[in-house]
Amino acid sequence: MNKPESTGLADRPRAGALRRPIHQILVPFPVAYFAAAFATDLAYWRTAEVMWYRFSVWLIAGGLVMAALVALAAMVDLFRNQRPAWIHALAYAAAVVLSILNVLVHSRDGYTAVVPMGLTLSGVVLVVLLFAISPGWTLTHRYRIGAKA
Amino acid sequence: MTEVRTSLPRVAAILAAVAGLGLAGCNDTGGDPKLQIGANPVLPPLHQYLLPPIRIATPVGWGSETPKVPQGLQVHALATGLQHPRSVYVLPNGDVLVVESNGPKAPIFRPKDLVTGVVETLAGAKAKDANRITLLRDTNGDGIPDVRTVFLDHLNSPFGVALVGHDLYVANTDAIMRYPYQDGQTSITAKGTKLTDLPGGPIDHHWTKSLLASPDGSKLYVGVGSNSNIAENGIQAEYERAAIWEVDRTTGAHRIFASGTRNPTGLQWEPTTGKLWAIANERDEIGPDLVPDYLTSVQDGGFYGWPYSYYGQHLDPRVQPQRPDLVAKAIVPDYALSSHVAPLGFAMSSGLGLPAKYEGGAFVGEHGSWDRTPLNGYKVVFVPFKDGKPSGPAQDVVTGFLDANNHTHGRPVGLAMDRSGALLIADDVGNAVWRVSSAGVSATPKPAS
């Protein structure tokens, strides 16, 4: 793959790469996992088929692992002088805390692992997350630093 | 920045509410177990948890100590250095069979199953098993076995044993095997014959299969445990489980004798009425005082509630879809043993060898569990019987398995009465078999032949 286009990408100015938040790459993962968990929760609610419930609990657990990586990356971004977008960062954190509760609820045995509390939490987490990432999949003000120059 | 100031209190309020919710799940302490012993146990409302209380009793071994018995009894080790002994069986010539066994590897279906594995390891429940039966024989009658041989090897998580004539039946976790047995034999090398398959893997949540022959020897009764705590692996996984099977000894054909018994780990004939009795382990994770494990007579065709309900018509909301038709006919067990005691050993008193107060009744080996605070069980109790029914509160007979710091020296499992009427106890954490006899009486009146 030694096409001229790809060498062009590598030559992109370093300053631009620095300004881009690292955590932005990872932010979509927990959102996707938790959204999928809401979908499998809905499926379990309607069918009581344990396969859906097992999908849910693994998806939430996986989403939490990815959320931990997002938190690490966001911390690195703060050290790189990016200002947090407080409202969105806190909303994101709240969604993660609710998901920790949710994985515990989902670890119960039987139907009440999902209905009604698990399903409700999955739905609330999804709404909060969609708000948190609404400005562009990032929890920092990525375009402010150096943007005026 | 003004945005931050207005939203912070709101976020703090949410976090405080969340933390409160979490705390509500912990610190739930069980009441007096005595309120749940007998025919009418007090049943509190059920709770569901974010973090089900787990209390691990760390195994520390016996050292120079032994279990404790009340005055009039004495206890000594019949054998030590065993590998996870789960049950004991006494042959007609007095030889003692010790089943050294543990469950098959549990599959990982949920993140929770990883945690359960760690808990079991810490509590000493993951010990390597030998999958064999060891024979102990006391030839000189001093109460200390002087012959110890591997009686049967290469079994598959065995638990129940029953001898009918010269046919020895061993209930592996997935099949009943038949072996030819000659009186006095100390080792069986013959390849076994399969009488029937039993519900085994791949999940095999409750793996022990208890076994009892009918008095005329024509039938075998098998206690088959459920494949889950509360059907969370799907009701399909529970096919012919949580039931007591009746197996025809000649053909191997079976029918479900009773169902809805979550984990029937011990079966015995009540001697005055000739009725079948069972001990059973009830469900977890709905409170420290739910659901009491029980001792009950078993009615032919009877349904005992699991998973849909407990103690008659108390519905379990964790099961969906429900079965009102089955719940309507659910039988209330005869005698509650209190919650999370985990009865795994059951022996009817033979009326020999022990003081008169232990003449008519049932001994129950309570293995104890990590699902309750404070811990309950971890002892052997005696339930007195009169006219074929329990007639009073359970009395502690063998204690000291758990010390004051909640460390375990051992955990009692299977029980049997030996030929002289002494009580034998398998201890799967102390890796021993204990023998409880009348104080001051020589250990064994008759030497084994």
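The legends below describe close-up views of helix 6 of chain A and its surroundings in a predicted model.

Residues are numbered from 1 along each chain as its sequence is written, and chains are lettered from A in the order in which they are written. Because the model is predicted, local features need pLDDT of at least 70 and side-chain atom pairs count only at pLDDT 80 or more, whereas totals for chains, interfaces and linings use all residues.

**View 1. Helix 6 of chain A along its length.** Helix 6 (residues 86-106), a DSSP run of H or I with at least four residues, numbered from the N terminus, has 21 residues and reaches 29 Å from first to last C-alpha, close to the 30 Å expected at 1.5 Å a residue (1.5 Å times one less than the number of residues). Among its buried residues are Leu90(A), Tyr92(A), Val96(A) and Val103(A), buried meaning that 20 or more other C-beta atoms, placed from the backbone, lie within 10 Å of the residue's own.

**View 2. Helix 6 against helix 7 in chain A.** Helix 6 and helix 7 (residues 117-132) pack at an angle of about 165°, with axes 9 Å apart (lines fitted to C-alpha atoms over the stretch in contact, with angles from 0 to 180 degrees between N-to-C directions), which makes the two helices roughly antiparallel (over 145 degrees). Residues of helix 6 including Ala91(A), Ala95(A) and Asn102(A) meet residues of helix 7 including Leu121(A), Val125(A) and Val128(A), contact requiring C-beta atoms, placed from the backbone, within 7 Å.

**View 3. The side of chain A that touches chain B.** Here 20 residues of chain A are in contact with 27 residues of chain B, and helix 6 gives the most to this side of chain A, with eight residues.

Definitions and conventions
A residue is buried if 20 or more other C-beta atoms lie within 10 Å of its own, exposed if 12 or fewer, and partly exposed in between; C-beta atoms are placed from the backbone. Two residues are in contact if their C-beta atoms, placed from the backbone, lie within 7 Å. Angles under 35 degrees count as roughly parallel, over 145 as roughly antiparallel, 65 to 115 as roughly perpendicular and the rest as oblique.
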